[in-house]
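Please look through the sequence and the model below, and then work through the two exercises, each of which comes with a solution in steps.

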Amino acid sequence: MAYNPDIKKNNNFNGLSRRDFVRYLIGGSAFSVASLNKLNAAVYQSILSLNQKYIKDEAPDGLYWQAIRKHFLFKDGLIMMNNGTLGPMPKPVFNTLIKCFKLQVTNPYKCYSFIPRKKEEIRYKLAEFIGATPEEVVITRNTTEGMNFVANGLDLKEGDEVLLSTLEHPGGIQTWKLKERRFGIKIKEVPFGLPPKSVKEIVDAFEKAITPRTKIISISHTIYITGLITPLKELSQMAHAKGVLVLADSAHGLGMLNLNMKELGIDFWASSPYKWLGAPTGVGVLYIRREVQDKLWPTIVTGGWDRYKDSRKFETLGQRADALIIALGEALDFQKAIGKERIERRIKALAGYLKKELKKIPGVKLHTPEDPYLSGGLTAFSVEGVDHKKIVNYVREKYNIVIRTVGSKEKGTYGLRVSTPLYVSFKEVDLFLEGLRHLVAHKV
Ligand SMILES: Cc1ncc(COP(=O)(O)O)c(C=O)c1O
(Lines give C-alpha, C1' and ligand atoms only; values in the text may rest on other atoms or scores of the structure.)
Protein backbone atom coordinates (compact mmCIF):
# COMPACT_ATOMS: atom_id res chain seq x y z
CA MET A 1 0.00 0.00 0.00
CA ALA A 2 1.27 3.46 -0.83
CA TYR A 3 2.00 5.93 1.92
CA ASN A 4 -0.99 8.14 2.56
CA PRO A 5 -0.11 11.51 4.14
CA ASP A 6 -3.73 11.98 5.19
CA ILE A 7 -3.68 9.05 7.60
CA LYS A 8 -3.23 11.24 10.66
CA LYS A 9 -5.62 13.93 9.46
CA ASN A 10 -8.49 11.56 8.74
CA ASN A 11 -7.71 9.08 11.45
CA ASN A 12 -7.79 6.61 8.58
CA PHE A 13 -5.58 3.76 7.49
CA ASN A 14 -5.19 4.22 3.76
CA GLY A 15 -8.83 5.05 3.29
CA LEU A 16 -10.17 2.48 5.75
CA SER A 17 -11.91 3.80 8.82
CA ARG A 18 -10.45 2.54 12.08
CA ARG A 19 -13.39 0.19 12.55
CA ASP A 20 -13.04 -1.20 9.06
CA PHE A 21 -9.32 -1.62 9.60
CA VAL A 22 -9.80 -3.64 12.79
CA ARG A 23 -12.43 -5.74 11.03
CA TYR A 24 -10.04 -6.28 8.16
CA LEU A 25 -7.21 -7.24 10.49
CA ILE A 26 -9.28 -9.65 12.52
CA GLY A 27 -11.52 -11.17 9.92
CA GLY A 28 -9.59 -10.63 6.70
CA SER A 29 -8.41 -13.86 5.20
CA ALA A 30 -5.04 -12.30 4.34
CA PHE A 31 -4.32 -12.11 8.06
CA SER A 32 -5.95 -15.32 9.19
CA VAL A 33 -3.71 -17.60 11.20
CA ALA A 34 -4.32 -20.41 8.72
CA SER A 35 -3.27 -18.33 5.74
CA LEU A 36 -0.17 -17.00 7.51
CA ASN A 37 0.78 -20.55 8.47
CA LYS A 38 0.30 -21.59 4.88
CA LEU A 39 2.50 -18.77 3.62
CA ASN A 40 5.25 -19.75 6.05
CA ALA A 41 5.01 -23.42 5.14
CA ALA A 42 5.42 -22.48 1.47
CA VAL A 43 8.59 -20.52 2.25
CA TYR A 44 10.13 -23.45 4.12
CA GLN A 45 9.11 -25.88 1.42
CA SER A 46 10.81 -23.72 -1.19
CA ILE A 47 14.02 -23.50 0.87
CA LEU A 48 13.97 -27.25 1.44
CA SER A 49 13.70 -27.88 -2.31
CA LEU A 50 16.53 -25.45 -2.98
CA ASN A 51 18.73 -27.15 -0.39
CA GLN A 52 18.13 -30.51 -2.02
CA LYS A 53 19.07 -29.11 -5.40
CA TYR A 54 22.10 -27.05 -4.36
CA ILE A 55 23.94 -29.13 -1.81
CA LYS A 56 26.92 -26.87 -1.32
CA ASP A 57 28.44 -24.86 -4.11
CA GLU A 58 25.62 -22.62 -5.19
CA ALA A 59 26.74 -20.06 -7.81
CA PRO A 60 27.40 -16.52 -6.45
CA ASP A 61 24.27 -14.96 -7.96
CA GLY A 62 22.65 -18.20 -9.05
CA LEU A 63 19.13 -19.41 -8.51
CA TYR A 64 19.70 -20.36 -4.88
CA TRP A 65 20.34 -16.85 -3.59
CA GLN A 66 17.92 -15.28 -6.05
CA ALA A 67 15.19 -17.47 -4.57
CA ILE A 68 16.22 -16.74 -0.98
CA ARG A 69 16.07 -12.99 -1.47
CA LYS A 70 12.48 -13.30 -2.66
CA HIS A 71 11.58 -14.13 0.92
CA PHE A 72 12.31 -10.52 1.89
CA LEU A 73 9.86 -7.67 1.43
CA PHE A 74 11.98 -4.78 0.14
CA LYS A 75 10.14 -2.08 -1.76
CA ASP A 76 11.09 0.15 -4.66
CA GLY A 77 14.37 -1.63 -5.44
CA LEU A 78 15.96 -0.74 -2.09
CA ILE A 79 19.41 -2.28 -1.72
CA MET A 80 19.92 -2.42 2.04
CA MET A 81 23.64 -2.60 2.69
CA ASN A 82 23.39 -1.19 6.17
CA ASN A 83 21.61 -3.93 8.05
CA GLY A 84 24.51 -3.38 10.49
CA THR A 85 22.23 -0.62 11.77
CA LEU A 86 18.84 -2.25 11.17
CA GLY A 87 18.10 -5.34 9.14
CA PRO A 88 14.88 -6.57 7.52
CA MET A 89 12.63 -9.36 8.76
CA PRO A 90 12.08 -12.09 6.19
CA LYS A 91 8.44 -12.87 5.39
CA PRO A 92 7.93 -15.77 7.82
CA VAL A 93 9.12 -13.63 10.73
CA PHE A 94 6.76 -10.82 9.83
CA ASN A 95 3.88 -13.29 9.39
CA THR A 96 4.54 -14.78 12.81
CA LEU A 97 4.70 -11.36 14.38
CA ILE A 98 1.28 -10.49 12.92
CA LYS A 99 -0.09 -13.85 14.06
CA CYS A 100 1.03 -13.27 17.65
CA PHE A 101 -0.21 -9.71 17.83
CA LYS A 102 -3.46 -10.87 16.33
CA LEU A 103 -3.80 -13.26 19.23
CA GLN A 104 -3.43 -10.37 21.61
CA VAL A 105 -6.07 -8.41 19.68
CA THR A 106 -8.56 -11.23 19.37
CA ASN A 107 -7.96 -13.37 22.42
CA PRO A 108 -5.77 -11.91 25.16
CA TYR A 109 -6.52 -14.93 27.34
CA LYS A 110 -4.94 -17.26 24.81
CA CYS A 111 -2.11 -14.80 24.43
CA TYR A 112 -1.05 -14.94 28.06
CA SER A 113 -1.84 -18.60 28.64
CA PHE A 114 -0.27 -20.03 25.50
CA ILE A 115 2.62 -17.78 24.49
CA PRO A 116 4.69 -18.00 27.70
CA ARG A 117 4.95 -21.76 27.17
CA LYS A 118 6.06 -21.18 23.60
CA LYS A 119 8.76 -18.86 24.92
CA GLU A 120 10.57 -21.75 26.60
CA GLU A 121 10.81 -23.42 23.20
CA ILE A 122 12.61 -20.33 21.89
CA ARG A 123 15.15 -20.57 24.69
CA TYR A 124 15.93 -24.13 23.61
CA LYS A 125 16.13 -23.13 19.95
CA LEU A 126 18.44 -20.26 20.77
CA ALA A 127 20.68 -22.45 22.90
CA GLU A 128 21.03 -24.95 20.10
CA PHE A 129 21.67 -22.18 17.58
CA ILE A 130 24.54 -20.63 19.53
CA GLY A 131 26.07 -23.79 20.97
CA ALA A 132 24.98 -23.20 24.56
CA THR A 133 22.59 -24.84 27.00
CA PRO A 134 19.10 -23.43 27.64
CA GLU A 135 20.21 -22.67 31.21
CA GLU A 136 22.77 -20.21 29.81
CA VAL A 137 20.46 -18.20 27.56
CA VAL A 138 18.70 -14.98 28.57
CA ILE A 139 16.21 -13.33 26.23
CA THR A 140 16.80 -9.60 26.62
CA ARG A 141 15.73 -6.57 24.61
CA ASN A 142 19.05 -5.83 22.91
CA THR A 143 22.83 -5.82 23.23
CA THR A 144 22.91 -2.67 25.34
CA GLU A 145 20.67 -4.30 27.91
CA GLY A 146 22.82 -7.43 27.95
CA MET A 147 26.01 -5.39 28.42
CA ASN A 148 24.36 -3.44 31.25
CA PHE A 149 23.16 -6.64 32.90
CA VAL A 150 26.73 -7.89 33.08
CA ALA A 151 28.48 -4.66 34.09
CA ASN A 152 25.82 -3.86 36.62
CA GLY A 153 25.55 -7.38 37.99
CA LEU A 154 29.23 -7.98 38.83
CA ASP A 155 30.49 -7.10 42.31
CA LEU A 156 33.42 -4.88 41.38
CA LYS A 157 35.16 -2.65 43.91
CA GLU A 158 36.93 0.68 43.72
CA GLY A 159 40.18 0.28 41.81
CA ASP A 160 39.13 -2.92 40.02
CA GLU A 161 39.95 -2.68 36.34
CA VAL A 162 38.02 -3.38 33.18
CA LEU A 163 39.78 -3.52 29.81
CA LEU A 164 38.01 -2.22 26.71
CA SER A 165 39.27 -1.82 23.17
CA THR A 166 39.46 1.72 21.78
CA LEU A 167 36.72 0.85 19.27
CA GLU A 168 33.75 0.02 21.45
CA HIS A 169 30.16 1.08 20.85
CA PRO A 170 28.55 3.45 23.39
CA GLY A 171 26.26 0.54 24.33
CA GLY A 172 29.36 -1.29 25.58
CA ILE A 173 31.16 1.73 27.05
CA GLN A 174 28.62 3.74 28.98
CA THR A 175 27.58 0.95 31.30
CA TRP A 176 31.20 0.81 32.52
CA LYS A 177 31.43 4.61 32.69
CA LEU A 178 28.41 4.58 34.99
CA LYS A 179 30.11 2.03 37.18
CA GLU A 180 33.29 4.10 37.15
CA ARG A 181 31.35 7.11 38.47
CA ARG A 182 29.35 5.17 41.05
CA PHE A 183 31.93 2.75 42.37
CA GLY A 184 35.33 4.07 41.29
CA ILE A 185 36.27 1.16 39.05
CA LYS A 186 38.99 1.89 36.46
CA ILE A 187 38.49 1.65 32.71
CA LYS A 188 41.57 1.04 30.55
CA GLU A 189 41.35 1.24 26.77
CA VAL A 190 43.60 -1.10 24.80
CA PRO A 191 44.58 -0.04 21.26
CA PHE A 192 45.55 -2.26 18.33
CA GLY A 193 46.30 -1.69 14.64
CA LEU A 194 43.82 -0.50 12.03
CA PRO A 195 43.45 -3.22 10.98
CA PRO A 196 45.40 -5.50 13.34
CA LYS A 197 47.78 -7.81 11.53
CA SER A 198 47.06 -10.99 13.43
CA VAL A 199 45.25 -12.71 16.28
CA LYS A 200 48.47 -12.51 18.27
CA GLU A 201 48.64 -8.72 17.97
CA ILE A 202 45.23 -8.40 19.63
CA VAL A 203 45.75 -11.04 22.31
CA ASP A 204 49.21 -9.69 23.18
CA ALA A 205 47.87 -6.13 23.50
CA PHE A 206 45.30 -7.27 26.08
CA GLU A 207 47.69 -9.58 27.86
CA LYS A 208 50.15 -6.71 28.36
CA ALA A 209 47.40 -4.49 29.80
CA ILE A 210 46.31 -7.02 32.46
CA THR A 211 47.32 -6.22 36.03
CA PRO A 212 46.44 -7.95 39.34
CA ARG A 213 43.42 -5.59 39.56
CA THR A 214 42.00 -6.56 36.14
CA LYS A 215 38.67 -8.34 36.52
CA ILE A 216 37.17 -8.38 33.06
CA ILE A 217 37.82 -7.71 29.37
CA SER A 218 34.77 -6.12 27.73
CA ILE A 219 35.24 -6.15 23.99
CA SER A 220 33.18 -6.14 20.81
CA HIS A 221 33.01 -9.45 19.04
CA THR A 222 32.00 -7.54 15.92
CA ILE A 223 33.60 -4.10 15.98
CA TYR A 224 31.05 -1.75 14.47
CA ILE A 225 33.56 0.86 13.28
CA THR A 226 36.04 -1.42 11.54
CA GLY A 227 34.26 -4.73 10.93
CA LEU A 228 36.95 -6.63 12.85
CA ILE A 229 35.82 -9.96 14.31
CA THR A 230 37.81 -10.23 17.50
CA PRO A 231 39.37 -13.61 18.29
CA LEU A 232 37.25 -14.42 21.34
CA LYS A 233 38.49 -17.96 21.66
CA GLU A 234 42.14 -16.96 21.94
CA LEU A 235 41.33 -13.94 24.11
CA SER A 236 39.30 -16.09 26.50
CA GLN A 237 42.03 -18.69 26.77
CA MET A 238 44.58 -16.02 27.63
CA ALA A 239 42.25 -14.14 30.00
CA HIS A 240 41.03 -17.24 31.84
CA ALA A 241 44.60 -18.37 32.44
CA LYS A 242 45.00 -15.08 34.34
CA GLY A 243 41.68 -15.29 36.18
CA VAL A 244 40.08 -12.54 34.08
CA LEU A 245 36.51 -12.74 32.75
CA VAL A 246 35.50 -11.94 29.16
CA LEU A 247 32.34 -10.14 28.04
CA ALA A 248 31.68 -9.87 24.30
CA ASP A 249 29.48 -7.26 22.63
CA SER A 250 28.33 -9.26 19.63
CA ALA A 251 25.59 -6.93 18.42
CA HIS A 252 26.20 -8.16 14.86
CA GLY A 253 27.22 -11.74 15.54
CA LEU A 254 23.88 -13.52 15.61
CA GLY A 255 22.90 -14.30 12.04
CA MET A 256 26.24 -13.26 10.60
CA LEU A 257 28.54 -15.91 12.07
CA ASN A 258 28.19 -19.62 12.66
CA LEU A 259 28.42 -19.37 16.42
CA ASN A 260 29.31 -21.79 19.16
CA MET A 261 29.63 -20.37 22.67
CA LYS A 262 31.39 -23.44 24.00
CA GLU A 263 34.05 -23.16 21.32
CA LEU A 264 34.49 -19.44 21.93
CA GLY A 265 34.85 -20.15 25.64
CA ILE A 266 33.70 -16.69 26.72
CA ASP A 267 31.83 -15.90 29.93
CA PHE A 268 29.24 -13.40 28.72
CA TRP A 269 28.05 -12.56 25.22
CA ALA A 270 25.33 -10.11 24.15
CA SER A 271 23.67 -9.77 20.76
CA SER A 272 20.97 -7.86 18.82
CA PRO A 273 19.27 -10.26 16.40
CA TYR A 274 17.43 -7.50 14.50
CA LYS A 275 20.61 -6.68 12.56
CA TRP A 276 21.66 -9.91 10.82
CA LEU A 277 19.26 -12.61 12.01
CA GLY A 278 16.01 -11.09 10.74
CA ALA A 279 14.27 -10.76 14.12
CA PRO A 280 12.18 -7.70 14.98
CA THR A 281 13.66 -4.89 17.06
CA GLY A 282 12.99 -5.15 20.77
CA VAL A 283 14.38 -8.61 21.38
CA GLY A 284 17.97 -9.53 22.22
CA VAL A 285 20.09 -12.34 23.57
CA LEU A 286 22.53 -12.66 26.43
CA TYR A 287 24.62 -15.76 27.03
CA ILE A 288 25.97 -16.34 30.54
CA ARG A 289 28.29 -19.30 30.97
CA ARG A 290 26.95 -21.67 33.61
CA GLU A 291 30.15 -21.63 35.64
CA VAL A 292 30.10 -17.84 36.16
CA GLN A 293 26.41 -17.32 36.87
CA ASP A 294 27.04 -17.17 40.61
CA LYS A 295 29.21 -14.09 40.10
CA LEU A 296 26.38 -12.11 38.53
CA TRP A 297 23.42 -10.40 40.22
CA PRO A 298 20.30 -9.78 38.17
CA THR A 299 19.62 -6.11 37.44
CA ILE A 300 15.84 -6.28 37.10
CA VAL A 301 13.77 -8.62 39.22
CA THR A 302 10.23 -9.49 40.10
CA GLY A 303 8.59 -12.42 41.86
CA GLY A 304 10.38 -15.72 41.47
CA TRP A 305 13.85 -14.50 40.54
CA ASP A 306 15.53 -16.08 43.59
CA ARG A 307 13.95 -19.46 42.95
CA TYR A 308 15.73 -19.86 39.62
CA LYS A 309 19.19 -21.38 39.72
CA ASP A 310 20.11 -20.61 36.11
CA SER A 311 19.82 -17.94 33.38
CA ARG A 312 16.07 -17.67 33.94
CA LYS A 313 16.91 -15.69 37.06
CA PHE A 314 18.02 -12.84 34.75
CA GLU A 315 14.74 -12.86 32.90
CA THR A 316 12.07 -12.04 35.47
CA LEU A 317 11.45 -8.73 33.79
CA GLY A 318 7.70 -8.36 34.17
CA GLN A 319 5.28 -8.52 31.26
CA ARG A 320 7.08 -8.70 27.92
CA ALA A 321 6.29 -8.11 24.26
CA ASP A 322 6.01 -11.87 23.78
CA ALA A 323 5.20 -11.60 20.07
CA LEU A 324 8.75 -10.36 19.51
CA ILE A 325 10.17 -13.40 21.24
CA ILE A 326 8.07 -15.80 19.18
CA ALA A 327 9.16 -13.92 16.05
CA LEU A 328 12.77 -14.37 17.17
CA GLY A 329 12.10 -18.11 17.16
CA GLU A 330 10.85 -17.81 13.58
CA ALA A 331 13.99 -15.90 12.59
CA LEU A 332 16.06 -18.77 13.98
CA ASP A 333 13.97 -21.26 12.00
CA PHE A 334 14.43 -19.25 8.81
CA GLN A 335 18.21 -19.15 9.22
CA LYS A 336 18.36 -22.78 10.22
CA ALA A 337 16.45 -23.74 7.08
CA ILE A 338 19.16 -22.10 4.96
CA GLY A 339 21.99 -23.22 7.24
CA LYS A 340 24.24 -21.19 9.55
CA GLU A 341 27.37 -22.37 7.80
CA ARG A 342 26.03 -21.53 4.37
CA ILE A 343 24.98 -18.06 5.53
CA GLU A 344 28.37 -17.25 6.99
CA ARG A 345 30.01 -18.52 3.80
CA ARG A 346 27.75 -16.32 1.67
CA ILE A 347 28.28 -13.21 3.79
CA LYS A 348 32.04 -13.68 3.81
CA ALA A 349 32.16 -14.39 0.07
CA LEU A 350 30.38 -11.09 -0.64
CA ALA A 351 32.62 -9.19 1.79
CA GLY A 352 35.75 -10.89 0.40
CA TYR A 353 34.82 -9.83 -3.13
CA LEU A 354 34.09 -6.27 -2.00
CA LYS A 355 37.47 -6.02 -0.25
CA LYS A 356 39.34 -7.47 -3.22
CA GLU A 357 37.81 -4.85 -5.53
CA LEU A 358 38.17 -1.98 -3.04
CA LYS A 359 41.90 -2.63 -2.81
CA LYS A 360 42.23 -1.89 -6.52
CA ILE A 361 40.72 1.59 -6.17
CA PRO A 362 43.34 4.35 -5.71
CA GLY A 363 43.17 6.08 -2.32
CA VAL A 364 41.14 3.35 -0.58
CA LYS A 365 42.44 2.16 2.79
CA LEU A 366 40.75 -0.92 4.22
CA HIS A 367 40.03 -0.73 7.94
CA THR A 368 38.76 -4.32 8.00
CA PRO A 369 41.20 -7.23 7.94
CA GLU A 370 41.22 -9.37 4.82
CA ASP A 371 41.63 -12.54 6.87
CA PRO A 372 38.16 -14.19 6.98
CA TYR A 373 38.86 -15.35 10.55
CA LEU A 374 39.13 -11.73 11.62
CA SER A 375 36.31 -10.31 9.54
CA GLY A 376 32.68 -10.92 8.60
CA GLY A 377 29.92 -9.00 6.88
CA LEU A 378 30.93 -5.47 7.89
CA THR A 379 33.51 -3.86 5.62
CA ALA A 380 34.93 -0.47 6.58
CA PHE A 381 37.34 1.71 4.65
CA SER A 382 38.35 5.28 3.97
CA VAL A 383 38.90 6.98 0.61
CA GLU A 384 41.50 9.69 0.26
CA GLY A 385 40.37 12.98 -1.24
CA VAL A 386 36.68 12.11 -1.51
CA ASP A 387 33.87 13.35 0.72
CA HIS A 388 32.50 10.24 2.43
CA LYS A 389 29.07 11.73 3.02
CA LYS A 390 28.82 12.47 -0.69
CA ILE A 391 29.53 8.82 -1.44
CA VAL A 392 26.70 7.77 0.89
CA ASN A 393 24.31 10.21 -0.81
CA TYR A 394 25.44 9.42 -4.34
CA VAL A 395 24.93 5.65 -4.13
CA ARG A 396 21.58 6.22 -2.44
CA GLU A 397 20.37 8.58 -5.15
CA LYS A 398 21.79 6.71 -8.12
CA TYR A 399 21.29 3.06 -7.11
CA ASN A 400 19.05 3.14 -4.03
CA ILE A 401 21.92 1.57 -2.05
CA VAL A 402 22.02 2.31 1.70
CA ILE A 403 25.44 2.44 3.37
CA ARG A 404 26.77 4.64 6.18
CA THR A 405 29.75 6.57 7.51
CA VAL A 406 31.40 5.36 10.72
CA GLY A 407 34.24 6.21 13.07
CA SER A 408 35.98 9.38 14.12
CA LYS A 409 38.34 11.69 12.27
CA GLU A 410 40.38 12.35 15.45
CA LYS A 411 40.96 8.65 16.02
CA GLY A 412 41.73 8.03 12.33
CA THR A 413 38.87 5.54 12.05
CA TYR A 414 36.51 7.68 9.98
CA GLY A 415 35.26 5.99 6.86
CA LEU A 416 32.43 4.14 5.16
CA ARG A 417 30.82 0.92 6.27
CA VAL A 418 29.16 -1.49 3.89
CA SER A 419 27.22 -4.51 5.13
CA THR A 420 26.91 -7.59 2.92
CA PRO A 421 24.05 -9.70 4.27
CA LEU A 422 22.78 -12.87 2.64
CA TYR A 423 20.10 -11.16 0.53
CA VAL A 424 22.60 -8.86 -1.24
CA SER A 425 23.89 -9.97 -4.64
CA PHE A 426 27.35 -9.70 -6.17
CA LYS A 427 25.75 -7.56 -8.87
CA GLU A 428 24.66 -5.08 -6.22
CA VAL A 429 28.16 -5.00 -4.75
CA ASP A 430 29.33 -4.20 -8.28
CA LEU A 431 26.84 -1.33 -8.49
CA PHE A 432 28.23 0.14 -5.30
CA LEU A 433 31.78 -0.24 -6.62
CA GLU A 434 30.79 1.41 -9.91
CA GLY A 435 29.48 4.42 -7.98
CA LEU A 436 32.57 4.62 -5.81
CA ARG A 437 34.94 4.35 -8.79
CA HIS A 438 33.04 7.13 -10.52
CA LEU A 439 33.38 9.47 -7.53
CA VAL A 440 37.04 8.62 -7.02
CA ALA A 441 37.77 9.26 -10.71
CA HIS A 442 36.04 12.66 -10.47
CA LYS A 443 37.50 13.47 -7.01
CA VAL A 444 34.06 14.48 -5.67
C1 LIG B 1 28.96 -3.18 18.32
C2 LIG B 1 27.65 -2.66 18.79
N3 LIG B 1 27.33 -2.79 20.08
C4 LIG B 1 26.17 -2.36 20.58
C5 LIG B 1 25.23 -1.79 19.77
C6 LIG B 1 23.93 -1.35 20.37
O7 LIG B 1 22.93 -2.21 19.93
P8 LIG B 1 21.47 -2.13 20.58
O9 LIG B 1 21.00 -0.73 20.37
O10 LIG B 1 20.70 -3.12 19.83
O11 LIG B 1 21.59 -2.46 22.01
C12 LIG B 1 25.48 -1.65 18.41
C13 LIG B 1 24.50 -1.03 17.52
O14 LIG B 1 24.70 -0.77 16.37
C15 LIG B 1 26.72 -2.09 17.91
O16 LIG B 1 27.04 -1.96 16.62
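The exercises deal with one histidine and then with the ligand. This is a predicted model, in which local features need pLDDT of at least 70 and side-chain atom pairs count only at pLDDT 80 or more, while totals for chains, interfaces and linings use all residues. Residues are numbered from 1 along each chain as its sequence is written, and side-chain values use heavy atoms, with hydrogens and water left out.

**Exercise 1.** Determine whether His-388 is buried or exposed, and describe its surroundings.

Step 1. His-388 belongs to helix α14, residues 388–399, a helix being a DSSP run of H or I with at least four residues, numbered from the N terminus.

Step 2. Its relative accessibility is 8%, so His-388 counts as buried (under 20% relative accessible area, with a 1.4 Å probe and protein chains only).

Step 3. Leaving aside residues up to four places away in sequence, His-388 touches residues including Phe-381, Thr-405 and Tyr-414, where contact means heavy atoms within 4.5 Å.

Step 4. A polar atom of the His-388 side chain lies 3.2 Å from the backbone oxygen of Val-386.

**Exercise 2.** Find which polar side chains approach the ligand, and how much of the ligand the protein buries.

Step 1. The residues surrounding the ligand include Asn-142, Thr-144, His-169 and Asp-249, each having a heavy atom within 4 Å of it.

Step 2. A nitrogen atom of the ligand is 2.6 Å from a polar side-chain atom of Asp-249, whereas an oxygen atom of the ligand is 2.5 Å from a side-chain N or O atom of Thr-144.

Step 3. Taken alone, the ligand exposes 400 Å², and the protein buries 88% of that (Shrake-Rupley method, 1.4 Å probe).

Definitions and conventions: Helix = DSSP H or I, 4+ residues; strand = E, 2+ residues; numbered from the N terminus. Buried < 20%, exposed > 50% of the residue type's maximum accessible area, 1.4 Å probe, protein only. Polar contact = N/O pair within 3.5 Å; in protein donor to acceptor, adjacent residues only side chain to side chain.
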